[in-house]
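Reader: I'd like to learn how to read a protein model, one feature at a time. Could you walk me through this one?

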Amino acid sequence: MKFFIDTANLEQIKEAASVGILDGVTTNPTLISREQGTPKEIYKAICEIVDGPVSAEAIALDWEGMVKEGRELAAIHPNIVVKIPMTKDGLKAVKMLASEGIKTNVTLIFSPIQALLAARAGASFVSPFVGRLDDIATPGMELVQQIQQIFANYQLETEVIVASIRHPMHVVDAAMIGADIATIPFKVIEQMMKHPLTDIGITNFLNDWKKVENRK
Ligand code: E4P
(Lines give C-alpha, C1' and ligand atoms only; values in the text may rest on other atoms or scores of the structure.)
Protein backbone atom coordinates (compact mmCIF):
# COMPACT_ATOMS: atom_id res chain seq x y z
CA MET A 1 0.00 0.00 0.00
CA LYS A 2 1.26 3.46 -0.88
CA PHE A 3 1.38 6.21 1.75
CA PHE A 4 0.18 9.73 0.95
CA ILE A 5 0.15 12.53 3.49
CA ASP A 6 -3.09 14.48 3.98
CA THR A 7 -1.88 18.01 4.65
CA ALA A 8 -0.77 21.24 2.99
CA ASN A 9 1.77 22.01 5.71
CA LEU A 10 5.23 22.13 4.13
CA GLU A 11 7.10 21.32 7.34
CA GLN A 12 5.00 18.22 7.91
CA ILE A 13 5.46 17.16 4.29
CA LYS A 14 9.25 17.64 4.48
CA GLU A 15 9.42 15.70 7.73
CA ALA A 16 7.36 12.79 6.39
CA ALA A 17 9.29 12.77 3.10
CA SER A 18 12.61 12.61 4.97
CA VAL A 19 11.63 9.18 6.30
CA GLY A 20 11.59 7.93 2.70
CA ILE A 21 8.16 6.30 2.58
CA LEU A 22 6.05 9.12 1.18
CA ASP A 23 4.41 8.47 -2.21
CA GLY A 24 2.15 11.50 -2.62
CA VAL A 25 0.13 14.29 -1.03
CA THR A 26 -3.55 15.15 -0.79
CA THR A 27 -4.85 18.60 0.07
CA ASN A 28 -8.30 20.12 0.29
CA PRO A 29 -9.60 23.71 0.68
CA THR A 30 -9.72 23.36 4.48
CA LEU A 31 -6.10 22.18 4.67
CA ILE A 32 -4.97 24.98 2.29
CA SER A 33 -6.83 27.59 4.39
CA ARG A 34 -4.64 26.70 7.41
CA GLU A 35 -1.40 27.64 5.58
CA GLN A 36 0.22 30.89 4.43
CA GLY A 37 0.62 31.84 0.73
CA THR A 38 -1.53 31.48 -2.35
CA PRO A 39 -2.83 28.01 -3.22
CA LYS A 40 -0.63 28.03 -6.35
CA GLU A 41 2.49 28.79 -4.31
CA ILE A 42 1.62 26.02 -1.87
CA TYR A 43 1.00 23.42 -4.62
CA LYS A 44 4.28 24.35 -6.33
CA ALA A 45 6.22 24.06 -3.09
CA ILE A 46 4.66 20.66 -2.32
CA CYS A 47 5.56 19.37 -5.79
CA GLU A 48 9.18 20.40 -5.20
CA ILE A 49 9.30 18.29 -2.02
CA VAL A 50 7.47 15.13 -3.10
CA ASP A 51 7.93 13.32 -6.41
CA GLY A 52 4.47 11.77 -6.63
CA PRO A 53 0.81 12.67 -7.16
CA VAL A 54 -0.26 15.92 -5.43
CA SER A 55 -4.02 16.46 -5.26
CA ALA A 56 -5.21 20.05 -5.69
CA GLU A 57 -8.95 20.66 -5.46
CA ALA A 58 -11.10 22.50 -7.99
CA ILE A 59 -13.54 24.91 -6.35
CA ALA A 60 -16.00 25.52 -9.21
CA LEU A 61 -19.27 23.59 -9.00
CA ASP A 62 -20.19 23.65 -12.71
CA TRP A 63 -18.37 21.27 -15.04
CA GLU A 64 -17.08 23.96 -17.41
CA GLY A 65 -15.62 25.83 -14.43
CA MET A 66 -14.08 22.63 -13.05
CA VAL A 67 -12.48 21.84 -16.41
CA LYS A 68 -11.04 25.38 -16.70
CA GLU A 69 -9.70 25.21 -13.16
CA GLY A 70 -8.44 21.67 -13.72
CA ARG A 71 -6.41 22.76 -16.73
CA GLU A 72 -4.92 25.66 -14.73
CA LEU A 73 -4.05 23.41 -11.78
CA ALA A 74 -2.54 20.74 -14.04
CA ALA A 75 -0.33 23.40 -15.66
CA ILE A 76 1.33 24.13 -12.29
CA HIS A 77 3.32 20.87 -12.29
CA PRO A 78 3.13 17.48 -14.06
CA ASN A 79 2.46 15.74 -10.72
CA ILE A 80 -0.70 17.70 -9.97
CA VAL A 81 -3.87 15.60 -9.79
CA VAL A 82 -7.08 17.60 -9.99
CA LYS A 83 -9.42 16.83 -7.13
CA ILE A 84 -13.04 16.92 -8.23
CA PRO A 85 -16.07 16.55 -5.94
CA MET A 86 -18.41 13.63 -6.66
CA THR A 87 -21.32 15.32 -8.41
CA LYS A 88 -22.95 15.03 -11.83
CA ASP A 89 -20.94 18.03 -13.02
CA GLY A 90 -17.87 16.51 -11.40
CA LEU A 91 -18.27 13.34 -13.49
CA LYS A 92 -18.59 15.40 -16.69
CA ALA A 93 -15.45 17.32 -15.78
CA VAL A 94 -13.54 14.10 -15.01
CA LYS A 95 -14.48 12.68 -18.41
CA MET A 96 -13.30 15.83 -20.19
CA LEU A 97 -10.07 16.16 -18.20
CA ALA A 98 -9.28 12.45 -18.69
CA SER A 99 -9.66 12.89 -22.47
CA GLU A 100 -6.96 15.58 -22.23
CA GLY A 101 -4.65 13.32 -20.22
CA ILE A 102 -5.23 15.23 -16.95
CA LYS A 103 -5.39 13.01 -13.87
CA THR A 104 -8.26 13.39 -11.41
CA ASN A 105 -9.05 12.30 -7.86
CA VAL A 106 -12.79 12.14 -7.25
CA THR A 107 -13.34 13.20 -3.67
CA LEU A 108 -16.15 13.03 -1.09
CA ILE A 109 -17.04 9.47 -2.06
CA PHE A 110 -19.53 7.96 0.39
CA SER A 111 -21.07 5.06 -1.56
CA PRO A 112 -19.72 2.24 -3.75
CA ILE A 113 -21.83 3.30 -6.69
CA GLN A 114 -20.32 6.81 -6.60
CA ALA A 115 -16.89 5.17 -6.83
CA LEU A 116 -17.96 3.02 -9.79
CA LEU A 117 -19.36 6.06 -11.61
CA ALA A 118 -16.14 8.00 -11.01
CA ALA A 119 -14.02 5.12 -12.28
CA ARG A 120 -16.18 4.76 -15.39
CA ALA A 121 -15.84 8.50 -16.03
CA GLY A 122 -12.07 8.01 -16.12
CA ALA A 123 -10.90 9.07 -12.65
CA SER A 124 -7.32 8.11 -11.84
CA PHE A 125 -8.18 7.96 -8.12
CA VAL A 126 -11.27 7.82 -5.92
CA SER A 127 -11.26 8.96 -2.30
CA PRO A 128 -13.73 7.25 0.04
CA PHE A 129 -13.89 9.18 3.36
CA VAL A 130 -13.86 6.52 6.07
CA GLY A 131 -13.58 8.74 9.16
CA ARG A 132 -16.54 10.90 8.24
CA LEU A 133 -18.68 7.75 7.80
CA ASP A 134 -17.50 6.33 11.14
CA ASP A 135 -18.46 9.71 12.66
CA ILE A 136 -22.09 9.04 11.73
CA ALA A 137 -22.03 5.42 12.95
CA THR A 138 -21.61 3.93 9.46
CA PRO A 139 -18.61 1.60 9.02
CA GLY A 140 -16.30 3.46 6.62
CA MET A 141 -14.08 0.46 5.92
CA GLU A 142 -17.03 -1.54 4.56
CA LEU A 143 -17.24 1.08 1.81
CA VAL A 144 -13.56 0.56 0.96
CA GLN A 145 -14.10 -3.20 0.84
CA GLN A 146 -17.06 -2.81 -1.53
CA ILE A 147 -15.13 -0.46 -3.83
CA GLN A 148 -12.11 -2.78 -3.94
CA GLN A 149 -14.38 -5.73 -4.84
CA ILE A 150 -16.22 -3.81 -7.57
CA PHE A 151 -13.01 -2.48 -9.12
CA ALA A 152 -11.52 -6.00 -9.05
CA ASN A 153 -14.67 -7.47 -10.67
CA TYR A 154 -14.21 -5.24 -13.70
CA GLN A 155 -10.40 -4.83 -13.65
CA LEU A 156 -10.82 -1.06 -13.27
CA GLU A 157 -7.48 0.71 -13.04
CA THR A 158 -8.70 3.58 -10.86
CA GLU A 159 -6.75 3.57 -7.60
CA VAL A 160 -8.50 3.71 -4.24
CA ILE A 161 -7.22 6.33 -1.79
CA VAL A 162 -8.54 5.63 1.70
CA ALA A 163 -9.17 9.16 3.01
CA SER A 164 -10.42 10.84 6.19
CA ILE A 165 -8.16 8.61 8.26
CA ARG A 166 -8.35 9.31 11.99
CA HIS A 167 -6.02 6.75 13.63
CA PRO A 168 -3.51 3.95 12.90
CA MET A 169 -6.20 1.21 12.97
CA HIS A 170 -7.74 2.81 9.88
CA VAL A 171 -4.38 2.32 8.15
CA VAL A 172 -4.15 -1.31 9.30
CA ASP A 173 -7.69 -1.99 8.06
CA ALA A 174 -6.97 -0.31 4.71
CA ALA A 175 -3.88 -2.48 4.25
CA MET A 176 -5.74 -5.67 5.26
CA ILE A 177 -8.36 -4.90 2.60
CA GLY A 178 -5.61 -4.29 0.05
CA ALA A 179 -6.42 -0.65 -0.69
CA ASP A 180 -3.98 0.97 -3.13
CA ILE A 181 -3.26 4.07 -1.05
CA ALA A 182 -3.93 5.54 2.40
CA THR A 183 -3.75 9.32 2.77
CA ILE A 184 -2.79 9.96 6.34
CA PRO A 185 -2.60 13.05 8.58
CA PHE A 186 0.90 13.82 9.93
CA LYS A 187 -0.11 13.06 13.53
CA VAL A 188 -1.25 9.56 12.55
CA ILE A 189 1.97 8.90 10.56
CA GLU A 190 3.90 9.68 13.75
CA GLN A 191 1.64 7.44 15.82
CA MET A 192 2.16 4.58 13.33
CA MET A 193 5.90 4.49 14.00
CA LYS A 194 5.56 4.22 17.76
CA HIS A 195 5.09 1.29 20.15
CA PRO A 196 5.62 1.46 23.93
CA LEU A 197 7.40 -1.92 23.87
CA THR A 198 9.89 -0.55 21.31
CA ASP A 199 10.67 2.39 23.64
CA ILE A 200 11.01 0.12 26.70
CA GLY A 201 13.17 -2.29 24.69
CA ILE A 202 15.55 0.51 23.60
CA THR A 203 15.84 1.83 27.18
CA ASN A 204 16.60 -1.65 28.54
CA PHE A 205 19.18 -2.43 25.86
CA LEU A 206 20.96 0.89 26.49
CA ASN A 207 20.96 0.31 30.26
CA ASP A 208 22.39 -3.19 29.82
CA TRP A 209 24.99 -1.91 27.37
CA LYS A 210 26.30 0.47 30.06
CA LYS A 211 27.23 -2.63 32.10
CA VAL A 212 29.53 -3.94 29.38
CA GLU A 213 30.86 -0.83 27.62
CA ASN A 214 33.84 -0.34 30.01
CA ARG A 215 34.99 -3.96 29.76
CA LYS A 216 38.53 -4.34 28.45
C1 E4P B 1 -8.81 13.54 1.48
O2 E4P B 1 -8.32 13.73 0.40
C3 E4P B 1 -9.27 14.60 2.39
O4 E4P B 1 -8.38 15.69 2.29
C5 E4P B 1 -9.27 14.20 3.85
O6 E4P B 1 -8.87 12.88 4.03
C7 E4P B 1 -10.48 14.61 4.61
O8 E4P B 1 -10.34 14.18 5.94
P9 E4P B 1 -11.21 14.76 7.16
O10 E4P B 1 -12.49 14.01 7.20
O11 E4P B 1 -10.34 14.45 8.35
O12 E4P B 1 -11.38 16.22 6.93
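Author: We'll start with the whole chain, then go through the sheet, the helices and a few single residues. Keep in mind that this is a predicted model.

Reader: Okay, the big picture then. How many helices and strands does the protein have?

Author: The secondary structure comes to 11 helices and eight strands. The C-alpha trace spans about 75 × 40 × 30 Å along its principal axes. Of the 216 residues, 44% are buried. You can also ask how far along the chain the contacts reach: among contacts between residues at least 6 apart in sequence, 56% join residues at least 24 apart.

Reader: Now the strands. What do they form together, and in what order do they run?

Author: They form a closed barrel of eight strands, in the order E1-E2-E3-E4-E5-E6-E7-E8, with parallel pairing. On average, neighbouring strands of this sheet are turned by 30° against each other, ignoring direction.

Reader: Can we zoom in on one pair? Over how many bridges do E1 and E2 pair?

Author: Strand E1 covers residues 2-6 and strand E2 covers residues 24-26, and they pair in the parallel sense over three bridges. To see the match in the model, find Phe 4, which stands opposite Gly 24 in E2.

Reader: On to the helices. Which strands does H6 lie across?

Author: Helix H6, residues 112-121, lies across strand E5 (104-109) and strand E6 (125-128). H6 runs at about 165° to E5. Helix H8, residues 140-153, lies across E5, E6 and strand E7 (159-162). Its direction is about 175° to that of E7.

Reader: And how do I describe two helices that pack together?

Author: Two packed helices are described by the angle between their axes and the distance between the axes. Try it on H6 and H8: their axes come within 9 Å and cross at roughly 40°.

Reader: Are H6 and H8 roughly parallel or oblique to each other?

Author: Angles under 35 degrees count as roughly parallel. The crossing here is roughly 40°, so H6 and H8 are oblique to each other. H6 passes H8 in a right-handed crossing.

Reader: Which residues meet there?

Author: From H6 you have Pro 112, Ala 115, Leu 116 and Ala 119, and they meet Leu 143, Gln 146, Ile 147, Ile 150 and Phe 151 in H8. Sorted by class, this contact has eight nonpolar residues, one polar and no charged.

Reader: Let me try another pair. At what angle do H5 and H6 pack?

Author: Helix H5, residues 88-99, packs with H6 at an angle of about 30°, and the axes are 8 Å apart. That makes H5 roughly parallel to H6. In this contact, Leu 91, Val 94, Lys 95 and Ala 98 of H5 meet Leu 117, Ala 118, Arg 120 and Ala 121 of H6. The classes here are six nonpolar, no polar and two charged.

Reader: Now single residues. Is Thr 7 buried or exposed?

Author: The cut-off to use is this: buried means under 20% relative accessible area. Thr 7 has a value of 5%, so Thr 7 is buried. You'll find Thr 7 in the loop between E1 and helix H1 (10-19). Beyond its neighbours within four places in sequence, Thr 7 is in contact with Gln 12, Ile 13, Val 25, Thr 26, Thr 27 and Leu 31.

Reader: What about Glu 57: buried or exposed?

Author: Glu 57 counts as buried, at 13% relative accessibility. Look for Glu 57 in strand E3, residues 54-57. Leaving out neighbours within four places in sequence, its contacts include Thr 27, Tyr 43, Glu 69, Lys 83 and Thr 107. The C-alpha atoms of Glu 57 and Ile 109 are separated by 14 Å, with the two positions 52 residues apart along the chain.

Reader: One last thing: backbone angles. Which phi value does Leu 108 have?

Author: Phi of Leu 108 is near 60°, a positive value in a residue other than glycine. Leu 108 sits in strand E5 and is partly exposed, with a relative accessible area of 32%. Gln 155 isn't a glycine either, and its phi is positive at about 45°. Gln 155 lies in the loop between H8 and E7 and is exposed, at 66% relative accessible area.

Note on methods: Residues numbered from 1 in each chain as written. Predicted model: local features only at pLDDT ≥ 70, side-chain atom pairs only at ≥ 80, totals over all residues. Heavy atoms only, no water. Pairing = 2+ DSSP bridges. Helix = DSSP H or I, 4+ residues; strand = E, 2+ residues; numbered from the N terminus. Axes fitted to C-alpha atoms, helices over the stretch in contact; angles between N-to-C directions. Contact = heavy atoms within 4.5 Å. Parallel < 35°, antiparallel > 145°, perpendicular 65-115°, else oblique. Left-handed = near helix turned anticlockwise from the far one by under 90°. Nonpolar A, V, L, I, M, F, W, Y, C, P; charged D, E, K, R; others polar. Buried < 20%, exposed > 50% of the residue type's maximum accessible area, 1.4 Å probe, protein only.
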